Amino acid sequence: MKGDVSWIPKSWAPMVVGAAAGVLTWVGLTAVVLSAWAEAPQPVPVNSAVVAQGQGQKPAGSPPEVVVYMSELPKNALFESEFWKDPASPGGQLIGTPNTGDKLDPPPENDPHVTFKAQVQRGVPYRCWIHMKVGAPKGKSQANRVYVQFSDAVDKANKDVFSPGTGSYLTAQGPTQQGWTWVPCDGADSKASESLVTFRTSGEVTVRVQMGMEGVGFDQFLLSPAQFLEKPPAEAIVKK
């Protein structure tokens, strides 16, 4: 008959009662655990960009590296300078000026230079790098210096700085040893923080690279907001 437990021997009764109590206790504990889990704070989604930045990686969504190959510029971008052939350069060409041993002056003097366009983002600090080919010294020239200027560049007070046609510029001074090297563009006070370039607006700006000494050449221009902000590229050619 349903519900009839008369068949259970009296000697078993304590065991049956104990088992039933155990089941009820387990059910009660389970309910408490589930209730505590529901009330506990749930894991917060991880921001992958923050994690990447903390690990020294370039976070997703960072402004792109600005890379310009001199071999891709038209001839009319050059003033009193010329294309040189070199198989080590992107496109097999760099830009330089012959070394007669004469002296070149910094801006605003209009000495041999090249101008081109670059896409930038406003308010982003960029580090400028020149992939330079230091030439053979001759006369007054060590063949290892260029000056760099930008349109729309501003300082911390949002005032124009490094503008073409002015005496404000960055200097890329290479070593005396001949050959290829990545050279940073530094400010006059040599402070790394003051050598960063920031722009007033996003969009296209004009870059002007003027020869600081005859005989110097370069094949790549780089504005880095992240990957090469502190250290130069390890490779001779930076991929776009």
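Visitor: In this predicted model, is Cys-128 buried or exposed?
Guide: The relative accessible area computed for Cys-128 is 0%. A residue counts as buried when that value is under 20%, so Cys-128, at 0%, is classed as buried.

Visitor: How many disulfides does a search of the whole structure find, and which residues form a disulfide with their sulfur atoms 2.2 Å apart?
Guide: The search of the whole structure finds one disulfide. A pair of cysteine sulfur atoms has to lie within 2.5 Å to be counted, and a pair with its sulfur atoms 2.2 Å apart meets that limit, namely Cys-128 and Cys-185.

Visitor: Which parts of the chain does this pair link, and how many residues apart are they?
Guide: Cys-128 belongs to strand E6, residues 127–134, whereas Cys-185 lies in the loop between E10 and strand E11 (198–199). The pair therefore links distant parts of the chain, and Cys-185, like its partner, is buried, with a relative accessible area of 0%. The separation along the sequence is 57 residues.

Visitor: Where is Trp-180 found, and why is it classed as partly exposed?
Guide: Trp-180 is found in strand E10, which covers residues 179–184. Partly exposed is the class between under 20% and over 50%, and Trp-180 falls into it because its relative accessible area is 28%.

Visitor: How far apart in space are Trp-180 and Phe-218, C-alpha to C-alpha?
Guide: Leaving aside neighbours within four places in sequence, Trp-180 is in contact with several residues, including Asp-86, His-131, Lys-133 and Phe-218. In sequence, Trp-180 and Phe-218 are 38 residues apart. In space, their C-alpha to C-alpha distance is 8.6 Å.

Visitor: What is the order of the five strands in the open sheet, and which are the edge strands?
Guide: The five strands form an open sheet with antiparallel pairing, in the order E2-E5-E12-E7-E9. An edge strand here pairs on one side only, and the strands of which this holds are E2 and E9 (170–173).

Visitor: How many bridges join E5 to strand E12?
Guide: On one side, E5 (residues 113–120) is joined to strand E2 (residues 78–79) by two bridges, with Phe-79 opposite His-113. With E12, residues 203–211, E5 runs antiparallel, and there Lys-117 has Thr-206 as its bridge partner. The number of bridges joining E5 to E12 is eight.

Visitor: Which residue in E9 stands opposite Tyr-147?
Guide: Strand E7, residues 145–150, runs antiparallel to E9, and four bridges join them. Standing opposite Tyr-147 in E9 is Thr-171.

Technical notes: Residues are numbered from 1 along each chain as its sequence is written. This is a predicted model: local features need pLDDT of at least 70, side-chain atom pairs count only at pLDDT 80 or more; totals for chains, interfaces and linings use all residues. Side-chain values use heavy atoms; hydrogens and water are left out. Buried means under 20% relative accessible area, exposed over 50%, partly exposed in between (1.4 Å probe, protein chains only). Contact means heavy atoms within 4.5 Å. Two strands pair if DSSP finds at least two bridges between them.
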